[in-house]
Amino acid sequence: MKDVLKYGTVLMSAIALAGCCNDDCKKQEAACCTATTELTQEQAVMDNILSRRSIRNYTTEPVNREQMAKVLECGIYAPNAMNAQTWAVRVVDAPDFIEGITKIAVEANPSIAEQEGFRNIFRNAPTVAFVAAPEQSYSGEYDCGLLSENMMLAAWSMGIGSCCLGSIVPIMQMEEAKPYMERLQLPEGYKLLVGIAFGYPEGDTPQAPERDASKAYYVE
Ligand SMILES: Cc1cc2nc3c(=O)[nH]c(=O)nc-3n(C[C@H](O)[C@H](O)[C@H](O)COP(=O)(O)O)c2cc1C
């Protein structure tokens, strides 16, 4: 209970701190808040973490490559076991790649194209980061998870939305997708873990799916 209250207090202070932000901005768009108010470092970091959501619709504009370079830099500064930096990350904003994978996915399962506003299999994102780890590594998946979250939080702080996409892995593993996997030039013995959609959000930021605070607590 103590921890629920603590979490709630952090959340409320993150929401309540920015007097000159409108309510939607305070609750849902960290980048908007930080641009218009002076936040302490703690407030800015908390606000960014708590307001990030998985974004599932984007404008067609690819993420600016200078911004993406900052996102990647934040990714590779994530903690990782023995600083082995086991990850391999490949960013794609080539329309023919994104359309090609989408075509393969839709041919295998035509119903996915029936979703309203469907443009591509990456939740309509114009930019995708593919994250891979060595098949044989005790820390690879953990390292890549930390890198991925660093990238998504860095992106959010710049007004760039993101969504982790485990669903694209089996599509990328299809025989027809082989030429695209080859374009990723993953090192020998690496496996694709996830794709991360990046782009400028289109539409409202969704509300946070509920979290179960009872899963994390002190033991005495
Ligand atoms: C490893 C992983 C795989 C995911 N795969 C998908 C996916 O295939 N499609 C999707 O829409 N969201 C996917 N998500 C996003 C989750 O659904 C989302 O993070 C979760 O519902 C919590 O919502 P939030 O990110 O807005 O806080 C994935 C997230 C993770 C960490």
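These legends accompany a set of close-up views of a predicted model, a protein chain with a ligand.

**View 1. The whole chain: 9 helices and 4 strands.** Before zooming in, it helps to get your bearings. Following the sequence from start to end, the protein chain reads α-α-α-α-α-β-α-β-α-β-α-α-β. The chain has 220 residues, and 40% of them count as buried. The views below visit the ligand, then the paired strands, and then a few side-chain contacts.

**View 2. The shell of residues around the ligand.** Welcome to the ligand site. One stretch of the shell brings in Arg52, Arg53, Ser54 and Arg56, and another brings in Cys163, Cys164, Leu165, Gly166 and Ser167. Arg123, Pro209 and Arg211 are also around the ligand. Sorted by class, this shell holds 4 nonpolar, 3 polar and 5 charged residues.

**View 3. Polar atoms facing the ligand at Ser54, Gly166 and Arg211.** Here we look at individual atom pairs. Ser54 places a polar side-chain atom 2.6 Å from a ligand oxygen. Arg211 also uses its side chain, with an N or O atom 2.8 Å from an oxygen atom of the ligand. Gly166 takes part through its backbone, where an N or O atom lies 3.0 Å from a nitrogen atom of the ligand. As for cover, the ligand taken alone exposes 620 Å², and the protein buries 62% of that area.

**View 4. Strand E4 and its two antiparallel pairings, with E2 and with E3.** Strand E4 spans residues 190–199, and 7 of its 10 residues are buried, so the strand is largely enclosed by the rest of the structure. With strand E2 (residues 127–134), E4 runs antiparallel and shares 8 bridges. With strand E3 (residues 161–165), E4 is also antiparallel, this time over 5 bridges. Gly195 is a handy landmark in E4: Phe130 stands opposite this glycine, and so does Leu165. Leu165 is worth a second glance, being also one of the residues around the ligand. Elsewhere in E4, Tyr190 is the bridge partner of Pro134.

**View 5. Strand E2, with 8 of its 8 residues buried.** Which strand accompanies E2 here, joined to it by 5 bridges? The partner is E1, and the two strands run antiparallel. Look for Val92, which stands opposite Val128 in E2. The burial of 8 of the 8 residues explains why E2 is described as largely enclosed by the rest of the structure. Strand E2 also has the antiparallel pairing with E4 seen in the previous view.

**View 6. The salt bridge between Arg65 and Asp93.** The count for this model comes to 5 salt bridges, and we begin with this one. The closest N and O atoms of Arg65 and Asp93 are 2.8 Å apart. Arg65 belongs to helix H5 (residues 65–76), whereas Asp93 sits in the loop between strand E1 (88–92) and helix H6 (95–108), so the pair links distant parts of the chain, 28 residues apart. Arg65 is exposed, with a relative accessible area of 63%.

**View 7. A salt bridge within helix H6, between Glu107 and Lys103.** In this close-up, the side chains meet at an N to O distance of 3.5 Å. Glu107 and Lys103 are 4 residues apart in helix H6, which means that about one helical turn separates them. Glu107 is exposed at 57% relative accessible area, and Lys103 likewise counts as exposed at 54%.

**View 8. Lys191 of strand E4 meeting Glu141 of helix H7.** The side chains of Lys191 and Glu141 form a salt bridge of 2.8 Å, N to O. Helix H7 covers residues 140–157, and because Lys191 lies in E4, the pair ties together parts that are 50 residues apart in sequence. Lys191 is partly exposed, with a relative accessible area of 28%. Glu141 is partly exposed too, at 49%.

**View 9. A polar contact between Thr86 and Asp143.** We finish at the loop between H5 and E1, where Thr86 is found. Is this threonine buried or exposed? Thr86 counts as buried, because its relative accessibility is 10% and the cut-off for buried is under 20%. Its side chain makes a polar contact of 2.7 Å with the side chain of Asp143.

Terms used: Residues numbered from 1 in each chain as written. Predicted model: local features only at pLDDT ≥ 70, side-chain atom pairs only at ≥ 80, totals over all residues. Heavy atoms only, no water. Near = heavy atom within 4 Å. Polar contact = N/O pair within 3.5 Å; in protein donor to acceptor, adjacent residues only side chain to side chain. Areas by Shrake-Rupley, 256 points an atom, 1.4 Å probe, with all protein chains shown as cover. Nonpolar A, V, L, I, M, F, W, Y, C, P; charged D, E, K, R; others polar. Buried < 20%, exposed > 50% of the residue type's maximum accessible area, 1.4 Å probe, protein only. Pairing = 2+ DSSP bridges. Salt bridge = Lys/Arg side-chain N within 4 Å of Asp/Glu carboxyl O.
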